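Me: I'd like a close look at one part of this model, starting from a single pairing and working outwards. Could you keep it chatty and connected?

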Amino acid sequence: DQPETFINMTWEDKVRSDFSVDLTVEVENRRGVLARLASSVSDAEANIENVQVIPVDERYQTLKLTIVVRDRAHLAHVMRRVRRNKFVVKLYRDSNK
């Protein structure tokens with residue numbers, strides 16, 4: 001028989017870490033769309049780590065973004081900012097990680 005061993009532990013009240021999130025943004029294919037989208041993300045105090053542009057046809061393109069956010073509330077704020085752009089057709093979080 002071995003005596004039980006206890007280790008005193010404490011947890012941080014607030015965990016401070018950044019998270020990478022993949023988003024798909026379907027947009028109208030117009031000049032300046034990527035710049036305005038990047039500005040919306042930046043204005044929401046998030047960072048873009050990666051961008052992939054996928055042409056759909058002459059009128060539309062799909063942007064695959066990896067952004068860095070603090071938490072789910074911050075992600076929701078960024079997504080609201082991006083959706084405000086009139087050229088955004090559809091926006092959703094990729095969940096295939």
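Which residue in strand 3 is the bridge partner of Asn47?

Reply: That's Val68 in strand 3. Before going further, some ground rules: this is a predicted model, where local features need pLDDT of at least 70, side-chain atom pairs count only at pLDDT 80 or more, and totals for chains, interfaces and linings use all residues. Residues are numbered from 1 along each chain as its sequence is written, and side-chain values use heavy atoms, leaving out hydrogens and water.

Asn47 and Val68 belong to a pairing with eight bridges, strand 2 against strand 3, in the antiparallel sense (strands pair if DSSP finds at least two bridges between them). Four residues sit between strand 2 and strand 3, and together the two strands make a hairpin.

Zoom out, and the hairpin is part of an open, antiparallel sheet of four strands, ordered 2-3-1-4. Strand 2 (47-55) lies at one edge and strand 4 (88-93) is the other edge strand, each pairing on one side only. From one strand to the next the twist averages 20°. Over at the strand 4 side, strand 1 (residues 19-28) runs antiparallel to strand 4, joined to it by five bridges; Thr24, for one, has Tyr92 as its bridge partner in strand 4.

Along the chain, the elements come as β-α-β-β-α-β from the N terminus, which gives two helices and four strands (DSSP runs numbered from the N terminus: helices are H or I with at least four residues, strands E with at least two). Helix 2 (residues 72-83) packs on the sheet and touches strand 1, strand 3 (60-69) and strand 4, pointing at about 165° to strand 4. Angles here run from 0 to 180 degrees between N-to-C directions, on axes fitted to C-alpha atoms, for helices over the stretch in contact.

Helix 1 (residues 33-43) packs against helix 2 too, at an angle of about 145° and with 9 Å between the axes. Where the helices meet, Leu37, Ser40, Val41 and Asp43 come from helix 1, and Val78, Arg81 and Val82 from helix 2. Sorted by class, that's four nonpolar residues, one polar and two charged (Ala, Val, Leu, Ile, Met, Phe, Trp, Tyr, Cys and Pro are nonpolar; Asp, Glu, Lys and Arg charged; the others, Gly among them, polar).

Val78 and Val82 turn up again in the largest nonpolar core: of its 20 residues, they touch the most other members along with Leu23, Val25 and Ile67. A core here is a set of buried Ala, Val, Leu, Ile, Met, Phe, Trp, Tyr and Cys residues joined through side-chain atoms within 4.5 Å. Strand 1, helix 1, strand 3, helix 2 and strand 4 each give two or more residues to this core. Leu23 is worth clicking on: setting aside neighbours within four places in sequence, its contacts (heavy atoms within 4.5 Å) include Leu65, Ile67, Leu75, Met79 and Leu91.

In the whole chain of 97 residues, 31% are buried, where buried is under 20% relative accessible area, exposed over 50% and partly exposed in between, with a 1.4 Å probe and protein chains only. Arg83, in helix 2, is partly exposed because its relative accessible area is 46%. Its C-alpha is 9.2 Å from that of Ser40, 43 residues away along the chain.

Last stop, back towards strand 2: Glu45 is in the loop between helix 1 and strand 2. Glu45 has a relative accessible area of 60%, so it counts as exposed, and its phi is positive, near 60°, in a residue other than glycine.
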